[in-house]
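Here is a short colleague's note for someone opening this entry for the first time. Please keep the structure in view while reading.

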Amino acid sequence: MTIDQAPRTAGKSPSGGEPRPRGLLAPILLGLGVFLLTLALALRFFVADRVLVAPANLYQKVTLQATGASYFDRATVQDRTGATLTLTSTVRGDVKAADGDTVVWDAFLVLEDIPNGNEVNITQQRLAFDRKSGELKACCGTHVANDTSIKPSGLGLFWPVGAVEQKTYQVFDPYTKRAWPAEYEGTETIQGVKAYKFVQSIPDSVIGTEPEVPTTLLGIAGPNRTVPADRYQRATVTYWVDPRSGVSVHREQQIVQTLRGKDGNGTKVIADFTLKMTPQSQKTMVDKANDTAPKVSLFRVTGPLAALFLGLVLLGAGAAVMMRRRGTRHAA
């Protein structure tokens, strides 16, 4: 006698439970692996280039100070020595003027002898630049002291985020209205941050003309009269830039200005001082650098590497499951 047995339903467990998914594990693992590899590439080459850029809505104030400064006080027509000068640099982003890859920032530089109540110099500039590389552009109402004929080039108010190299950069100088090389000269630590040091040497350059200068001021012999004179400036500007974030954590400016008669006769030193970023402003910029650096690492290093590693692990696991299934079938 034979006993008929009901056929076992495919996919059912022997105990008659719910159907078991068969063959889904390998595709899931492979799919997740491919997704994570794609994510790694996207973070490094797409997202990072769009997130780690200059903000359009920046507001930043930095203070530099010079002690023991000498300058010619026009109001009192006398030389001042041993003065304390304060340079306040305020940068504001013009959000409405930003367009695509272009960012526009306005900068106001005010040099004051606060104890004596003197405004020594005021400079206003408007610079447009590529929000990723920091390279200046001649557009969007760019000017320095309302001079719109300038052709700005090189870096200006922004260093590239997480992409600063140990090389010479061309950096724009608002006083001479052109770019000069800033050479890499090593690494120094500023309030705990290892920064690249760049030194820019600007030779004597005409930065303005005074139509009427007393000859007595220029040391020209003879009867007192007025003559036109050119205003020259030479400077050494040193930047300390955090390579992780592109933030300038310290800056010094050594400046010497002279008046020289246009006919070559007479000269007068009208300014001689060294401005240095104050410790408080240093701390502000160091905090900004330390806040930005982890974000740079997340999008350019740790994030892509983690996604790449996990993606490769899942691809390997998926391939192993697939090979195991094929081996089981062959054995059956």
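The numbered points below go from the whole chain to single residues.

1. **Status and overall make-up.** This is a predicted model. The protein contains twelve strands and three helices. It has 332 residues, and 43% of them are buried.

2. **Contacts and surface.** How much of the contact set is long-range? Take the contacts with a separation of 6 or more: 57% of them pair residues 24 or more positions apart. The exposed area is about 18,300 Å². Carbon and sulfur atoms account for 55% of that area.

3. **The largest nonpolar core.** In soluble globular proteins, nonpolar side chains tend to be buried together. Here the largest nonpolar core holds 40 residues. Trp159, Phe198, Val249 and Phe273 have the most contacts inside it. Which strand gives the most to this core? Strand 9, residues 193–214, does, with six residues.

4. **A separate core.** Another core lies apart from the largest one and has 16 residues. Leu52, Val103, Ala107 and Val161 are among them.

5. **Phe273 up close.** Look at Phe273, one of the residues with the most contacts inside the largest core. Leaving aside residues up to four places away in sequence, Phe273 touches Ala66, Ala69, Ser70, Leu85 and Leu111, and also Gln253, Gln254 and Ile255.

6. **Thr258.** Thr258 sits in strand 11, which covers residues 248–261. Is Thr258 buried or exposed? It counts as buried, because its relative accessibility is 7%, and buried means under 20%. The side chain of Thr258 makes a polar contact of 3.4 Å with the side chain of Arg260. Beyond residues up to four places away in sequence, Thr258 touches Asp230, Arg231 and Tyr232. It also touches Thr267, Lys268, Val269 and Ile270.

7. **Cysteines.** The disulfide count is zero. Cys139 is partly exposed, at 26% relative accessible area. Cys140 is partly exposed too, at 32%.

8. **Salt bridges, two examples.** How many salt bridges are there? The count is 14. Asp73 pairs with Arg80, with the closest N and O atoms 2.7 Å apart. Both of these residues are buried. Glu188 pairs with Lys197, and here the closest N and O atoms are 3.4 Å apart. Glu188 is partly exposed, with a relative accessible area of 32%. Lys197 is buried, at 18%.

9. **A bridge across the chain.** Lys262 and Asp230 meet through their side chains in a salt bridge of 2.9 Å, N to O. This pair links distant parts of the chain, with the two positions 32 residues apart in numbering terms: they are 32 residues apart. Lys262 is in the loop between strand 11 and strand 12 (267–277). Asp230 is in strand 10, residues 226–241. Lys262 counts as partly exposed, at 48% relative accessibility. Asp230 counts as buried, at 11%. Asp230 is also one of the residues that Thr258 touches.

10. **A shared network.** Which residues are joined into one network by salt bridges that share partners? They are Arg74, Glu210 and Arg231. Arg231 appears in point six as well, as one of the residues touched by Thr258.

Conventions. Residues numbered from 1 in each chain as written. Predicted model: local features only at pLDDT ≥ 70, side-chain atom pairs only at ≥ 80, totals over all residues. Heavy atoms only, no water. Helix = DSSP H or I, 4+ residues; strand = E, 2+ residues; numbered from the N terminus. Buried < 20%, exposed > 50% of the residue type's maximum accessible area, 1.4 Å probe, protein only. Contact = heavy atoms within 4.5 Å. Areas by Shrake-Rupley, 256 points an atom, 1.4 Å probe, with all protein chains shown as cover. Polar contact = N/O pair within 3.5 Å; in protein donor to acceptor, adjacent residues only side chain to side chain. Core = buried A, V, L, I, M, F, W, Y, C linked by side-chain atoms within 4.5 Å. Disulfide = S-S within 2.5 Å. Salt bridge = Lys/Arg side-chain N within 4 Å of Asp/Glu carboxyl O.
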